[in-house]
Amino acid sequence: LPITAEDYRIYRMESGASIDAFKGKATASAQSDELRDKTTKIGANLHVDLFWIKGSKIKNPFLILKDEATGYVMIIDLMSKNTEALLRGIKLGVVHMKSYNHRVRCIISDSEANFKSTEPFLNDIKITLDLRAPEVHSSLAERGIRSIKDIARTVINNLQFRLPMKLLKYLILYVTGIENSKPNKTSGVVLPRELVQGKKLH
């Protein structure tokens, strides 16, 4: 019998996730920004971007918010990339930072129209939107995406089974915790999570 598209779709759902789904974001054709005056104020500047899991059942994007002062990462599972969904994701990040007494003052993103559409609403809550120039991306956010995908690939590669597609978003949340629990160039010898939460991990 001939193999149909529906047969392939069912195979993908049943066979689970492949590490190919977590290939890093290609940015070879785009320039990256270089931060000159990085803030040391935790939570003040959040670098944001969208990413997808290639070839997975998840069609909606993830929003990454990365703190400039610590390298702390937040990942929000969005319903879409429209203005309403983006605002919801950004506000969740802002509220998360506020819960640890950090005030977000600036959102830094590339110049995509979907991010630009959030500016009036962000201004209403006294947050500035800093858009990069065309073809220039936030290097901090993109490094965050690559790191999350690298860790996810490592986890999948070491599993003794094929991870079901429906669990991929939980894997992303899991590896975000790992990312925040290891020192980075920005945080120094202290964990990003400890800097943001203001307490040592046990």
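Start by selecting strand β5, residues 106–109. The side chains of C106 and I108 point one way from β5, those of I107 and S109 point the other way, and all are buried. The model on screen is a predicted one.

**The neighbours of β5**

Keep β5 selected and add β2, residues 45–51. β2 and β5 run parallel and are joined by three bridges. Two of the pairings can be picked out by residue: L46 has I107 of β5 as its bridge partner, and H47 has I108.

Now add β6, residues 128–131. β5 and β6 also pair in the parallel sense, over four bridges. Click on I108 again: its bridge partner in β6 is D130. I108 therefore has a bridge partner in β2, namely H47, and another in β6, D130, as expected of strands that pair through backbone hydrogen bonds.

**The whole sheet**

Extend the selection to β3 (62–67) and β4 (73–77). Five strands now form an open sheet in the order β4-β3-β2-β5-β6, with mixed pairing. Which strands are at the edges? They are β4 and β6, each of which pairs on one side only. Ignoring direction, neighbouring strands of the sheet are turned by 25 degrees against each other on average.

**The helices on the sheet**

Select α5, residues 139–158. This helix packs on the sheet and touches β2, β3 and β4. The direction of α5 makes about 55 degrees with that of β2.

Next select α6, residues 168–179. α6 packs on the sheet as well, touching β2, β3 and β4, and its direction makes about 170 degrees with that of β4. A distance check is easy here: at 1.5 Å a residue, the 12 residues of α6 should span 16 Å, and the end C-alpha atoms are 16 Å apart, which agrees.

Show the side chains of L168, L171, I172, V175, T176 and E179, which are buried in α6. Look down the helix axis: the buried residues fall within an arc of 140 degrees, so they line one face of α6. What do they pack against? The partners are β2, β3, β4, α5 and α7, the last of these being residues 192–197.

**An aromatic pair between β2 and β3**

Return to the sheet and show the rings of F51 and F62. The structure holds one aromatic pair, and these two residues form it: the ring centres are 5.4 Å apart and the planes lie at 20 degrees, so the pair is stacked. F51 is in strand β2 and F62 in strand β3, 11 residues apart, and the pair links distant parts of the chain. Both F51 and F62 are buried.

**L87 in helix α2**

Move to α2, residues 83–98, and select L87. Is L87 buried or exposed? Its relative accessibility is 9%, and so L87 counts as buried. Leaving aside residues up to four places away in sequence, L87 touches T118, F121 and L122. For a further distance, pick the C-alpha atoms of L87 and F115: they are separated by 8.9 Å, with the two residues 28 apart along the chain.

**Two loop residues with positive phi**

Select N101, in the loop between α2 and β5. Its phi is near 65 degrees, a positive value in a residue other than glycine. N101 counts as exposed because its relative accessibility is 75%.

Then go to K126, in the loop between α4 (119–124) and β6. K126 is not a glycine either, yet has a positive phi of about 60 degrees. With a relative accessible area of 64%, K126 is exposed.

**The full chain**

Finish by showing everything. The chain has seven helices and seven strands, and from the N terminus on the elements run α-β-β-β-β-α-β-α-α-β-β-α-α-α. How many of the 202 residues count as buried? The share is 46%. Among contacts between residues at least 6 apart in sequence, 61% join residues at least 24 apart.

Note on methods
Residues numbered from 1 in each chain as written. Predicted model: local features only at pLDDT ≥ 70, side-chain atom pairs only at ≥ 80, totals over all residues. Heavy atoms only, no water. Expected span 1.5 Å × (residues − 1). Buried < 20%, exposed > 50% of the residue type's maximum accessible area, 1.4 Å probe, protein only. Arc of directions from axis to C-beta. Contact = heavy atoms within 4.5 Å. Pairing = 2+ DSSP bridges. Axes fitted to C-alpha atoms, helices over the stretch in contact; angles between N-to-C directions. Phe/Tyr/Trp six-rings, centres within 6.5 Å; stacked < 30°, edge-to-face > 60°.
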